[in-house]
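Here is a small set of exercises to work through with the structure open beside you. Try each task before you read its solution.

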Amino acid sequence: MADLENSKDLISVLWSGADILRSKMDANEYKDYLLGIVFYKYLSDSFLIKTYDLIYDEKPESLKVALDAYKEALEDESAEELKEQIIAEYHYVIEPDLTYTSFAEAARNNSFNRESLQKAFNNIEQSDPLFADLFTDIDLYSNRLGTGDQKQSDTIADLIKEIDKADILNSDADVLGNAYEYLIGQFASETGKKAGEFYTPQAVSKILTKIAISGQDTKKGLSVYDPCMGSGSLLLNAKHYSSEPGYIKYYGQELMTSTYNLARMNMFLHGIVPENQHLRNGDTLDGDWPTGEETDFDMVLMNPPYSAKWSAAAGFLQDERFSDYGVLAPKSKADYAFLLHGLYHLKSNGTMAIVLPHGVLFRGAAEGKIREKLLRSGNIYAVIGLPSNLFYNTSIPTCIVVLKKHRDGRDVLFIDASKKFKKGKKQNSLTDEHIDSILNLYNKRETVEKEAYLASFEDIENNDFNLNIPRYVDTFEKEEDVDINALLSEMKKTDEEIKQAQGEFLSLLKDLTSNDENIRASLNDIIGMFEG
């Protein structure tokens, strides 16, 4: 309960920080400032807490106490040894006057200097490749912060003071990570289409992760890969469903640099140690990655950009990811290129879950050939139709395709979950009840009338390898038979009621009179119409 309260307190502090910037720029821009400065506070506070622990082998009463102890220790002969210990564990060192605690004090005394904050960012970025270019998106000299040096500095100082209320000293990694996740979700909601590239709604993430981790949740050293990782939220979900979360190895790639930086921050804020983070800024389709020692993974999770364009250059036919299929995904729709990339990196006993538009289930030409090859190889394990309007960047209905590398059967489970949603103003959503219902159908793996169908390979072959869900799951609701006699009786009753109403109206008309000859003539005409 305390964690929940701390999480709410943290969220309200961070959200009021957003209020400071909201009038100056849109959410897609101010998220960089807010999340970047929150992250610097996390690095600084963690550093002071760890330093105090190394000196006194206990937790400090406050960050101010920790800062004073750190200053004192730097004057001691063993200062270099202390710094080496910190670097070995944290990969960075922060000078006392560049700690967030010092900046917050300066902001309260109206002596804050944004040049010092810029220096602090630069020092972190240069301390280890882990942090390279991490704060690139935060322009402390932007005109959007205000007109002129003073107003710009004041905006940053106000933000620092507000975020300083976040109690990281007494919050564990999950509380902080969850608050960060919540903020990312709120930004996605505020910015709509612009946010599609960095956020998968939590309910969809939960379904994908629980499907992919099934049977592997007790494995020590579980490896998870997301080649289109966005802010890393989907990757990080694995830790919630594993009994050995401290040993999970995370592999992720992201094309957008600012989103890649968000994912790196997100990893640290969730307490993921540097050795278990393997993240890369790059184009997943253009150049295969990873290609080193670890190239296949227990879980592959993906929510790629739907029907994106890619080069589909002939050279890719020799690429090991695509060469077995004889054709490439079309230039205008990279969906199957993403799917095959993920499948290539899946371990033989692993599970992959990917979100894609419904077109991948039935489109022909090259996509039809790839789909047939996957089905003949038994790679497609399940297809789950999701409701429309679940995502921030598109209102189209999507589906989850579950894949396995090697298995005995070639049957495919179809689930129609298109009606399982809660309607919202901007987006529809899935409740826990909907999620559990979908997962139950998936785990049962049997035909359930109007909800699921376990199709044999022959069924699929007879449908020309078309996987459109309505071909397998019949959700048609037959209308009730009409009782003709009851209908006639109702029509007679209605007729009688109309006649009665007309009679009452007629007697009212006859009671009307007027001194005006024209009005009297008109009234008689109306009475004549009803009587006629």
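The exercises below start with confidence and then move through the sheet, two helices and one buried residue.

**Exercise 1. Find where this predicted model is most and least confident.**

Solution. Start with the whole chain: its mean pLDDT is 86, and 91% of its residues reach 70 or more. Next, go element by element: strand 1 has the highest confidence, at 98, while helix 8 (residues 173–191) has the lowest, at a mean of 67. Then look at residues 1–7, where the pLDDT is below 50 and the model has eight contacts beyond near neighbours in sequence. Residues 193–198 also stay under 50, with 20 contacts beyond four places in sequence. Where pLDDT is low, the predicted coordinates should not be read in detail.

**Exercise 2. Trace the order of the strands in the sheet and identify its edges.**

Solution. First, follow the nine strands of this open sheet in the order 3-2-1-4-5-7-6-8-9, noting that the pairing is mixed. Now check the two ends: strand 3 (277–281) and strand 9 (452–455) each have a single partner strand, so one side of each lacks a neighbour in the sheet. From one strand to the next, the twist averages 10 degrees. To finish, zoom in on strand 9, which pairs with strand 8 in the antiparallel sense over four bridges. There, isoleucine 415 stands opposite alanine 452 of strand 9.

**Exercise 3. Work out which strands helix 13 lies across.**

Solution. Follow the helix over strand 1 (223–226), strand 4 (297–302), strand 5 (346–357) and strand 7 (398–404). Then compare directions with strand 5: helix 13 runs at about 160 degrees to that strand.

**Exercise 4. Describe helix 15 and what covers its buried residues.**

Solution. Begin with length: the twelve residues 365–376 reach 17 Å from first C-alpha to last, close to the expected 16 Å. Next, list the buried residues of helix 15: Ala366, Glu367, Gly368, Ile370, Arg371, Leu374 and Leu375. Their cover includes helix 13 (335–344), helix 14 (359–362), strand 6 (380–385), strand 8 (412–416) and helix 17 (457–462). Finally, step just past the end of helix 15, where glycine 378 takes a positive phi of about 75 degrees.

**Exercise 5. Is threonine 101 buried or exposed?**

Solution. Locate threonine 101 in helix 5 (residues 100–108). Its relative accessible area is 13%, and the cut-off for buried is under 20%, so threonine 101 counts as buried. Now ask what it touches: leaving aside neighbours within four places in sequence, threonine 101 contacts Ser44, Asp45, Leu48, Leu63, Lys64 and Leu67.

Conventions:
Residues are numbered from 1 along each chain as its sequence is written. This is a predicted model: local features need pLDDT of at least 70, side-chain atom pairs count only at pLDDT 80 or more; totals for chains, interfaces and linings use all residues. Side-chain values use heavy atoms; hydrogens and water are left out. The expected span of a helix is 1.5 Å times one less than its number of residues. Buried means under 20% relative accessible area, exposed over 50%, partly exposed in between (1.4 Å probe, protein chains only). Contact means heavy atoms within 4.5 Å. Two strands pair if DSSP finds at least two bridges between them. Axes are lines fitted to C-alpha atoms, for helices over the stretch in contact, and angles run from 0 to 180 degrees between N-to-C directions. pLDDT is the predictor's confidence in each residue, from 0 to 100.
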